[in-house]
Amino acid sequence: MLDPFFLGSFRYAFGVLLFVAILWIAEGRQALRYGGRFLPAAVFGVVGFCGFNILVWWGLAYTLPEHASIIMALQTPMTALAVWLTRGLRPSPFTVGCIAVAIGGVLVVVTKGNFTRAIEGGSLVGDLLVFLGAVSWVIYTMAGHHFAGWSPLRMTVLTCIPGTIGLLAINAFTIGMGYSALPTLDQLLSVKWQLAYFVVFTVVLGVLGFNNGVKYLGALNAMLMLNLIPIIVFAIEAWLGRSFAAIEIGGAAIVIGALVANNLYLRRSTS
């Protein structure tokens with residue numbers, strides 16, 4: 001019903017208004033000041049919010065959801081590599097093993113054990129767009145240490161503002177080039193509840209929850225938790241009445257087991 005450019009700009013245009021109101025109430029008007037950090041906030045905001053939203057949704061128009069799920073799972077090793085290269089923090093062999101096991105479990109769930117499905121269908125261009133979107137979010141996840149002294153809420157809001165401006169500018173550009181078009185009022189009203197969900201849950205609660213998780217879990221462990229996304233999707237579909245093969249349930253158990261094992265290991269190593 002809606003193209004990826006309008007969807008991204010619409011949900012963040014309304015989401016950022018809620019963000020600003022929440023920050024103002026929680027930390028006061030002074031928290032809306034950048035304090036000399038506008039440039040890094042703008043760079044990470046545009047890369048994270050524009051890059052992830054535009055590239056992933058655009059890529060999904062050309063590739064399969066199975067491909068996107070697998071590619072998004074690669075964010076975990078990409079984050080591990082980024083932490084190693086930028087901060088010199090080499091992940092432990094145990095964590096690397098958990099990453100590999102979790103990705104293997106995602107592959108089992110998505111492909112139902114038939115791994116040729118991972119390379120069938122879809123488009124290389126679409127896969128590349130989703131991959132670049134995943135890289136964009138990894139870069140954004142690594143931004144936390146640039147904003148020492150800011151709460152996760154403040155960082156979210158002050159990076160989301162320039163990111164939203166970027167999304168609106170890209171949407172205006174695509175409309176001007178004739179690549180996309182504004183939806184009609186009837187089209188918007190036909191998906192009004194879905195849009196409300198996007199704004200409140202995937203933008204406000206989702207991004208706030210993720211950034212708080214990164215603060216307390218660290219970038220690597222937070223990304224490892226994202227391997228639960230396909231499992232949660234399957235759980236919702238099961239609740240709606242879909243039945244699953246034993247290999248899909250087994251794959252979900254592998255992912256959850258790897259996440260729990262790594263979390264317990266990190267707790268023990270830091271205690």
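Helix H1 (4-27) and helix H9 (192-217) each supply at least two residues of a nonpolar patch. Helices here are DSSP runs of H or I with at least four residues, numbered from the N terminus. The patch consists of Leu18, Ile22, Tyr197, Val200, Phe201 and Leu205, which together have about 530 Å² of accessible area on the surface. H9 gives the most, with four residues. To qualify for a patch, a residue needs over 30% relative accessible area and no salt bridge, and nonpolar side chains (Val, Leu, Ile, Met, Phe, Trp, Tyr) are joined within 5 Å, whereas like charges are joined within 9 Å. A salt bridge would be a side-chain nitrogen of Lys or Arg within 4 Å of a carboxyl oxygen of Asp or Glu. The areas come from the Shrake-Rupley method with a 1.4 Å probe, and for residues only the protein chains shown count as cover.

Please keep in mind that this is a predicted model, in which local features need pLDDT of at least 70 and side-chain atom pairs count only at pLDDT 80 or more, while totals for chains, interfaces and linings use all residues. Residues are numbered from 1 along each chain as its sequence is written, and side-chain values use heavy atoms, with hydrogens and water left out.

Ile22 is a good place to start looking at the patch. It sits in helix H1 and is partly exposed, with a relative accessible area of 33%. The classes are buried for under 20% relative accessible area, exposed for over 50%, and partly exposed in between (1.4 Å probe, protein chains only).

**The helices behind the patch**

H1 also has a buried set: Pro4, Phe5, Phe6, Leu7, Gly8, Ser9, Arg11, Tyr12, Gly15, Val16, Phe19 and Leu23. These buried residues pack against H2, H7, H8 and H9. In H9, the buried residues are Leu195, Phe198, Val199, Val203, Val204, Val207, Leu208, Phe210, Asn211, Gly213 and Val214. Their cover includes H1, helix H2 (38-60), H6, H7, helix H8 (185-190) and helix H10 (219-225). An α-helix has 3.6 residues a turn, so residues three or four places apart point the same way.

How do the helix lengths work out? The expected span is 1.5 Å times one less than the number of residues, and the table sets it beside the distance between the end C-alpha atoms.

| Helix | Residues | End-to-end C-alpha distance | Expected span |
|---|---|---|---|
| H1 | 24 residues | 33 Å | 34 Å |
| H7 | 25 residues | 36 Å | 36 Å |
| H9 | 26 residues | 35 Å | 38 Å |

For H7 (residues 152-176), the two values agree, and for H9 the reach is close to the expected one. Bends are angles between axes fitted to the seven residues ending at a residue and the seven starting there. H9 bends by about 35 degrees at Gly206. H7 bends by about 25 degrees at Cys160, with a proline, Pro162, following within four residues. Each of these helices is followed by a glycine with positive phi: Gly178 after H7, near 80 degrees, and Gly218 after H9, near 90 degrees.

**Two buried threonines**

Which residues does Thr79 touch, leaving aside its neighbours within four places in sequence? Thr79 lies in helix H4 (residues 75-87) and is buried, at 0% relative accessible area. Its contacts (heavy atoms within 4.5 Å) are Val138, Met142, Ala219, Leu220 and Met223. Thr95, found in helix H5, is buried as well, at 3%. With the neighbours within four places again left aside, Thr95 is in contact with Leu220, Asn262, Tyr265 and Leu266. Leu220 therefore appears in the list for Thr79 and in the list for Thr95.**The loops around H6**

The loop between H6 and H7 holds Phe147, which is buried, with a relative accessible area of 2%. Beyond its neighbours within four places in sequence, Phe147 is in contact with Arg37, Pro40, Ala41, Phe44, Met155 and Thr159. Phe147 and Ala41 are 106 residues apart in sequence, and their C-alpha atoms are 8.4 Å apart in space. Ser151 lies in the loop between H6 and H7 too, but counts as partly exposed at 21% relative accessibility. Its C-alpha is 9.5 Å from that of Ala31, with the two positions 120 residues apart in sequence numbering.

Asn114 belongs to the loop between helix H5 (93-111) and helix H6 (124-141). Asn114 is partly exposed, with a relative accessible area of 39%. The C-alpha atoms of Asn114 and Leu188 are separated by 39 Å, and the two residues are 74 apart along the chain.
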